[in-house]
Amino acid sequence: MVPKTTNGPGGFHLLAKPSGSTCNINCTYCFYLSKESLYPDEKHRMSDATLEAYLKQLLESHRMPQVTVAWQGGEPTLMKLDFFRRSVELVEKHRRPGQTVQHTFQTNGLLLDDQWCDFFKQHGFLVGLSVDGPREIHDAYRLDRRGQGTFDRVMAGWKCLRDHQVDFNILCTVNAANQRQGRAVYRFFRDELGAKWVQFIPVIERATQQTLEVANRGWSQQPGRQRLLYTQTGDLVTERTVGGEQYGRFLVDVFEEWVRHDVGEVFVQLFDVTLEAYFGRHLLCIHAPTCGLGPALEYNGDVYSCDHFVEPRYKLGNIHETHLLDLVMAPEQRKFGQDKRDKLTAQCRSCEVQALCNGGCPKDRFALSRDGEPGQNYLCAGLELFFKHTRPAMQQMGRLLQQRRPPSEVMEWVAVEDQRLGPYRLCPCGSGRKFRFCHGDNAPRNTRDPPNADSAKRQQARMSPAQPQPDAVASGRNASDSPD
């Protein structure tokens with residue numbers, strides 16, 4: 001099959017779901033579990049024919065030399081290791097001379113063992129591990145099919161990744177259980193898990209008046225009930241959903257810790273892409289002016305506009321009938337991406353942080369603007385809070401980069417400002433506490449520990465400047481942007 005399109009994009013980022021929505025755990029907020037109802041009475045496993053068609057077309061579709069093969073779910077480890085050994089073989093068979101391939105893999109970690117981690121290390125996989133924080137937070141919603149917490153089994157998977165020196169991201173959802181624990185969650189990832197790359201993904205579960213009661217029970221199969229298909233409809237949210245403003249406060253809580261201690265050492269996706277946006281570069285579809293280059297591939301070859309829009313009205317076609325590039329460049333998909341810009345509310349268009357936010361993800365635009373216009377982002381208050389709050393430090397890092405100096409030097413600038421303003425002012429994070437006892441030197445290490453007398457020494461140890469990377473603030477690494 002040869003694509004008809006001759007003027008496609010340089011590349012795109014597709015999420016492939018080789019086991020469909022099938023998963024070995026039962027997270028109550030995971031909307032993707034409901035997608036099983038799209039393919040009833042089928043075994044959700046990608047065939048070898050679909051695997052080869054997908055990889056061949058993906059490689060053919062890219063004009064740029066770097067290609068990402070991204071596996072997600074459901075839970076992709078359910079496909080067994082031989083499937084992914086075959087995927088690597090097929091990539092080598094079909095990639096053009098000069099093409100380089102990054103393999104990424106999102107997992108809940110429960111099935112990881114030495115064989116899996118040996119394979120990941122051998123082939124340079126970047127693994128996204130889903131963890132929501134310490135045990136009591138993680139186990140609030142990330143449950144197995146018996147309703148038991150999964151924390152210990154996830155930590156066993158993390159240990160295996162660490163022992164085999166596999167590169168990994170932490171993928172953390174921000175939800176009602178952890179939305180007021182930003183700093184504690186971040187410190188757990190940094191200090192306990194040794195994470196260097198972290199993504200925070202807001203849980204927003206839409207519902208209607210008719211579906212809210214069922215949705216609050218979770219998206220897994222309910223005894224005696226037909227599974228409810230999650231779609232992007234309704235202006236209500238479940239009880240697990242993060243608060244709109246609280247999402248911003250969570251990010252600010254993390255940022256105030258990161259900007260004092262970890263710039264150049266720990267890379268938080270949203271912080272990286274925000275700094276890039278000050279230079280007019282948009283590396284994340286959520287905050288880019290337009291989207292449409294992040295389609296999703298189901299196990300049978302069906303392609304949808306986006307991982308968050310896997311529902312009948314956003315199905316573009318099937319790769320066994322139409323080349324992947326032609327599906328990505330289809331008129332309806334171009335419109336899907338351009339609507340992100342063209343359907344901004346008047347409030348968004350006049351907002352002082354529009355160039356950074358661009359209205360956020362279309363899936364979250366179901367609130368009313370201040371003027372009563374539909375289509376405002378549910379997270380608007382939080383996003384505006386975050387972008388405004390971080391502006392001084394982001395602008396300082398931008399100046400450092402323009403001077404060809406490492407952005408980590410912003411920590412020295414922040415330390416000078418902290419000393420000038422004094423320890424007994426209100427903490428800039430908005431907690432209402434004095435700075436000294438919040439993000440200052442006497443702040444508790446986490447919600448259980450006493451104040452840390454050694455924080456100044458730890459900050460000094462983290463102050464060694466990291467060199468800025470060409471055309472990027474940090475890693476540009478991304479295993480996924482959706483909860484599994």
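How many bridges join strand β3 to strand β4, and do the two run parallel or antiparallel? In this structure, which is a predicted model, 4 bridges join β3 to β4, the strand made of residues 126–130, and the two strands run parallel. To find this pairing on the screen, one can begin at T104, which stands opposite L126 in β4.

Strand β3, which covers residues 100–107, also pairs with strand β2, residues 66–71, and here 6 bridges hold the two together, again with the strands running parallel. A useful point of entry on this side is Q66, which stands opposite T100 in β3.

The helices can now be added to the picture. Strand β2, helix α2 (residues 81–94) and strand β3 make a right-handed β-α-β unit. Strand β3 then takes part in another such unit, since β3, helix α3 (residues 114–122) and β4 also make a right-handed β-α-β unit.

The next topic is the aromatic rings. A pair of aromatic rings is described by the distance of the centres and the angle of the planes. The structure holds 31 aromatic pairs, and one of them is formed by F105 and F120, whose rings are 5.0 Å apart from centre to centre, with 55 degrees between their planes, an arrangement that counts as tilted. Because F105 lies in strand β3 whereas F120 lies in helix α3, this pair ties together parts that are 15 residues apart in sequence. Both F105 and F120 are buried.

How are the rings of W197 and F267 arranged, and why is the pair called stacked? Their centres are 6.4 Å apart and their planes stand at 20 degrees, so the pair is stacked, given that planes under 30 degrees apart count as such. This pair links distant parts of the chain, for W197 belongs to strand β6 (residues 197–202) and F267 to strand β9 (residues 267–268), 70 residues apart. Like the residues of the tilted pair, which are both buried, W197 and F267 are both buried.

Ring pairs can also join into a wider group: they link Y54, W71, F83, F84, F105, W116, F119, F120 and F125 into a cluster, so that F105 and F120, already met as a tilted pair, appear here again among its members.

Finally, a ring may have a charged group over it. The charged end of K17 sits over the ring of Y32, at 4.0 Å from the centre of that ring, while R425 lies over the face of F435, with 4.3 Å to the ring centre.

Notes
Residues numbered from 1 in each chain as written. Predicted model: local features only at pLDDT ≥ 70, side-chain atom pairs only at ≥ 80, totals over all residues. Heavy atoms only, no water. Pairing = 2+ DSSP bridges. Right-handed = clockwise from strand over helix to strand, strands pointing away. Phe/Tyr/Trp six-rings, centres within 6.5 Å; stacked < 30°, edge-to-face > 60°. Buried < 20%, exposed > 50% of the residue type's maximum accessible area, 1.4 Å probe, protein only. Lys NZ or Arg CZ within 6 Å of the ring centre and 35° of its normal.
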